[in-house]
Amino acid sequence: MRRLLPLLLLLAVAGCGLGSGGSSSSSSGGGKTELTVSRDFGAEAMGHSERKTVPGGETVMRQLQRKFTVETRYGGGFVQEIDGVGGGRKSGRPVDWFFYVNGIESGSGAASRKLSPGDRVWWDHHDWGEAMRIPAVVGSFPEPFTSAARGKKIPIRIDCADDAVKDCREVRKRVEAAGALVGGTGTVGTRAGPEVLRLLVGRWTEVKADPTAARIEQGPKVSGVFARPSKDGKQIALLDSRGRTVRTLGAGAGLVAATQFLDQKPTWVVTGTDAVGVASAAAALVESRLKDHFAVALQKGQGVPIPVPADSTETP
């Protein structure tokens, strides 16, 4: 039975089912839908498409089939290949397709997950041996902050460390400039209900006081984030897809990542090793810098964000 559990969980979160679709011509309002398909945690683009309207009853699976050649298994209920890239094993490691809607890993199959105007769907083929679940990603920004969750706006709250007031203002400005409406602010450690989408802002030594954020220190198996801040907050280790440290950042390092605990909405962490790192992370909250990245790290003096997981060919 233990050997079956990983497969059962994988089937639950990957793209399942073809769906019946619908006959309506379009849905009204809300903006275009977007589809992105990539490999290796967004490192290699496979294609992108946009539609101004959403056909009635459109599902994630049907959206995918309109642009790509899709092969299925398990009686047509599971995505095996997209344009010839399939699930299974690569170099002895498990690989498969996973999809995210508005930056959040779907809890239902591709056939049953219906699309709404404005939705951003991202399929990525990657190694899941180190992290069976990656509950949220930052690469669909400004989602999930501007999206409707099944017809209901997600309340947004910014929780700020005591010495990060300026950075919190910057985060709020950037999120609201992208079209979201922040409902309130709090302090790091403030209790959150399951229906609140949060951004935690501050140095890692402060942010880790939040139980959800603290999971990042435990590595990708727990948090789904391939970066591990040190306990003293002075360093951030960047990990490759196998969980190996390939680079370590020190003074001036920042991190923008998303994770989740149990049934809560995702929590975004905008943090750093020091004040410079936090400011860099706050300034990275723009679509062009986060696009198609699962998480990003920032290094003082380096203008381009570092994608996380990190490239295993990099040297520390």
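Modeller: A polar contact is a pair of N or O atoms within 3.5 Å; within protein, one must be able to donate a hydrogen and the other to accept it, and residues adjacent in sequence count only if both atoms are side-chain atoms. The model is predicted, so local features need pLDDT of at least 70 and side-chain atom pairs pLDDT 80 or more, while totals for chains, interfaces and linings use all residues. Residues are numbered from 1 along each chain as its sequence is written, and side-chain values use heavy atoms, without hydrogens and water.

Biologist: Is S223 buried or exposed?

Modeller: S223 lies in helix α6, residues 220-223 (a DSSP run of H or I, at least four residues, numbered from the N terminus). Its relative accessibility is 0%, and under 20% is the cut-off (1.4 Å probe, protein chains only). S223 therefore counts as buried.

Biologist: From which residue does a backbone nitrogen lie 3.1 Å from a polar atom of the side chain of S223?

Modeller: Beyond four places in sequence, S223 touches P135, R215, I216 and T259 (heavy atoms within 4.5 Å). At 3.1 Å from the polar side-chain atom of S223, the backbone nitrogen belongs to V225.

Biologist: Which residues line the second largest cavity?

Modeller: A cavity is a set of points on a 1 Å grid over the protein atoms alone where a 1.4 Å probe fits but cannot get out, and lining residues have an atom within 4 Å of a point. The second largest cavity holds about 40 Å³, the space filled by probe spheres on points joined across faces, edges and corners. Its lining has eight nonpolar residues, one polar and no charged (Ala, Val, Leu, Ile, Met, Phe, Trp, Tyr, Cys and Pro count as nonpolar, Asp, Glu, Lys and Arg as charged, the others as polar). The lining residues are I134, A136, G224, V225, F226, A258, F294, A295 and V308.

Biologist: Which residue in β21 stands opposite A295?

Modeller: Strands β20 (residues 295-299) and β21 (residues 302-308) run antiparallel and are joined by four bridges (strands are E runs of at least two residues, and pairing needs at least two bridges). They form a hairpin with two residues between them, and G301 in the turn has a positive phi of about 85 degrees. Opposite A295 stands V308.

Biologist: Which element gives the most to the lining of the largest cavity?

Modeller: The largest cavity has a volume of about 80 Å³. Two elements, β1 (33-39) and β9 (120-127), give two or more residues to its lining. With three residues, the element giving the most is β9.

Conventions. Buried means under 20% relative accessible area, exposed over 50%, partly exposed in between (1.4 Å probe, protein chains only). On a 1 Å grid over the protein atoms alone, a cavity is a set of points where a 1.4 Å probe fits but cannot get out, and a pocket is an open set with protein on both sides within 12 Å along at least five of seven lines; lining residues have an atom within 4 Å of a point.
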